[in-house]
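Subject: Structure handover

Hello,

Here is the structure you are taking over, with its sequence. My notes on it come after.

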Amino acid sequence: MSPKKTQTKVHQPNQVVDEARRLRERREKTYRERALKIFPWICARCGREFSGRKVRELTVHHKDHNHDNNPSNGSNWELLCIYCHENEHSRDQVAEWYGGTTLGGEQAVSSGHQPFAALEDLLKNKK
Ligand SMILES: [Zn+2]
Ligand SMILES: [Zn+2]
């Protein structure tokens, strides 16, 4: 409810992005909550069940990939766990849900982890 005057000095792109993100977050929260009310807390792909705080890992997927298509009966939504959701989208489209909701900056895949490097070290030590 704050009538923001955009003519002051909102030239900083960050601010605009911030604003857009906030709006989207609010909207996402709304339809997510709604979806969680309509659907059972089960991933539609792998069938994993979620409860309590785990439900954070359940995300709302838009069947037609259109974020703005949010019919209140949920016909465009699908609850997917974050893993299945990632699969559902090709890598570069994951921004759909990464963009708004951050999972606490948590990296899903730690690219720095090299199991073989550790193995080599192990072997080296075992001369
Ligand atoms: Zn799943
Ligand atoms: Zn999706």
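What follows is a short account of the fold, the strand pair and the core.

Please keep in mind that this is a predicted model.

Overall fold: the protein chain contains four helices and two strands. Along the sequence these run in the order α-β-β-α-α-α. The chain has 127 residues, of which 9% count as buried. Among its contacts with a separation of 6 or more, 54% are between residues 24 or more positions apart.

Strand pair: E1 and E2 are joined by five bridges and run in the antiparallel sense. One of the pairings puts His62 opposite Trp77, its bridge partner in E2. Four of the five residues of E1 are buried, so this strand is largely enclosed by the rest of the structure.

Core: the largest nonpolar core is made of seven residues, namely Cys43, Leu58, Val60, Trp77, Leu79, Leu80 and Cys81. Two elements each supply two or more of these residues: strand E1, covering 58-62, and strand E2, covering 77-81. E2 provides the largest share, with four residues.

Trp77 links the two topics. This residue belongs to the largest nonpolar core and is also the bridge partner of His62. What does Trp77 contact, leaving aside its neighbours within four places in sequence? The contacts are Ala35, Val60, His61 and His62. Of these, Val60 is itself a member of the core.

If you want a starting point on screen, begin with the strand pair and then look at the core.

Regards

Note on methods:
Residues numbered from 1 in each chain as written. Chains lettered and ligands numbered in written order. Predicted model: local features only at pLDDT ≥ 70, side-chain atom pairs only at ≥ 80, totals over all residues. Core = buried A, V, L, I, M, F, W, Y, C linked by C-beta atoms within 7 Å. Buried ≥ 20, exposed ≤ 12 C-beta atoms within 10 Å, placed from the backbone. Contact = placed C-beta atoms within 7 Å. Pairing = 2+ DSSP bridges.
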